[in-house]
Amino acid sequence: MIEKNIKEDKHLAKAEVERLQKQAEVITSKAEIKAEEITKKAEGIVQKAESKAQEITKKADVIVSKAEKDAEHQQKKIDQLETKLTQKEEKLDQRIEKLDEKKEELATKKKDLDEMFAKQETILSDLSGLSPADAKKQLFDQIEQTNKDEIKRFINKRKTIKEEEAKEEA
């Protein structure tokens, strides 16, 4: 009987081990399936992330490329403006040079005219026998005599206008 019990216990133990092995296999199988699902999900997430990263990289490349083109365009404009500015500066320098030359020329002509005027004044003074101040006084006296009557008429006319205005106000 002991032997029978031992055989039964062995059989029960063997059945229990088989049951536990099957249970372990089922659990292992489920775990493997779950691990595969998680791995697939993780791979999908990684692929999406990589795809998104590539997309962002492409957009960034486009933006950088556009920015570089814009910068080049702006630099070309700046270079053109600098060239124009340099040309204008050169033209202004040339004009200034010409003006300086004309200024010197005019100063020389003025000096020559002043000398000529002084010579003519001396000649006139010698011919007329009058000093420049005396000649000027004589000229003004002559103008005054010539226009004396006209000046009197003008003064009388102004007096009359003022008198009429005073009468109107009163």
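In this predicted model, the side chains of Arg19 and Glu16 are joined by a salt bridge, with a distance of 2.4 Å from N to O. The two residues stand three positions apart in helix α1, so that about one helical turn separates them. Neither partner is buried: Arg19 is partly exposed, with a relative accessible area of 43%, and Glu16 is likewise partly exposed, at 34% relative accessibility.

Further along helix α1, Asp70 and Lys66 form another salt bridge, in which the closest N and O atoms are 3.7 Å apart. Here the spacing is four residues, again about one turn of the helix. The two partners fall into separate accessibility classes, because Asp70 has a relative accessible area of 39% and is partly exposed, whereas Lys66, at 53%, counts as exposed.

Helix α2, which covers residues 132–169, carries the pair Lys137 and Asp141, whose positions are four residues apart, about one turn of the helix. Their salt bridge has its closest N and O atoms 3.3 Å apart. Lys137 is exposed, with a relative accessible area of 54%, while Asp141 is partly exposed, with a value of 35%. These pairs are among the six salt bridges counted in the model, and their distances are set side by side below.

| Salt bridge | Closest N to O distance |
|---|---|
| Arg19 and Glu16 | 2.4 Å |
| Asp70 and Lys66 | 3.7 Å |
| Lys137 and Asp141 | 3.3 Å |

Apart from the paired charges, the surface also carries patches. One of them is negative and is formed by Glu89, Glu90, Asp93, Glu97, Asp100, Glu101 and Glu104. Among its members, Glu90 belongs to helix α1, which runs over residues 2–128. The accessibility of Glu90 meets the requirement for patch membership, because a patch residue must have over 30% relative accessible area, and Glu90 is partly exposed at 47%.

A nonpolar patch is made by Leu139, Phe140 and Ile143, and its area is about 300 Å². Of these residues, Ile143 is located in helix α2, the helix that also holds Lys137 and Asp141. With 41% relative accessibility, Ile143 counts as partly exposed, so this residue too passes the cut-off of over 30% that applies to patches.

The charges can also be considered for the protein chain as a whole. It has 39 positive and 41 negative side chains, and the centres of these two sets lie 6 Å apart.

As for the overall architecture, the protein chain contains two helices and zero strands. Its radius of gyration is 60 Å, well over the 15 Å that the globule rule gives for 170 residues, so the chain is more spread out than a compact globule. The extents of the C-alpha trace along the principal axes give a further description of this form, with spans of about 180 × 65 × 25 Å.

How much of the protein chain counts as buried? Of its 170 residues, 1% fall into that class. The area that the protein chain exposes comes to about 16,800 Å², of which carbon and sulfur atoms supply 57%.

Methods
Residues are numbered from 1 along each chain as its sequence is written. This is a predicted model: local features need pLDDT of at least 70, side-chain atom pairs count only at pLDDT 80 or more; totals for chains, interfaces and linings use all residues. Side-chain values use heavy atoms; hydrogens and water are left out. Patches are made of residues with over 30% relative accessible area and no salt bridge: like charges are joined within 9 Å, nonpolar side chains (Val, Leu, Ile, Met, Phe, Trp, Tyr) within 5 Å. Accessible areas come from the Shrake-Rupley method with a 1.4 Å probe; for residues, only the protein chains shown count as cover. A salt bridge is a side-chain nitrogen of Lys or Arg within 4 Å of a carboxyl oxygen of Asp or Glu. Lys and Arg count as positive and Asp and Glu as negative; His and the chain ends are not counted. The place of a charge is taken as NZ of Lys, CZ of Arg, CG of Asp or CD of Glu. Buried means under 20% relative accessible area, exposed over 50%, partly exposed in between (1.4 Å probe, protein chains only). The radius of gyration is taken over C-alpha atoms; the globule rule is 2.2 Å times the number of residues to the power 0.38.
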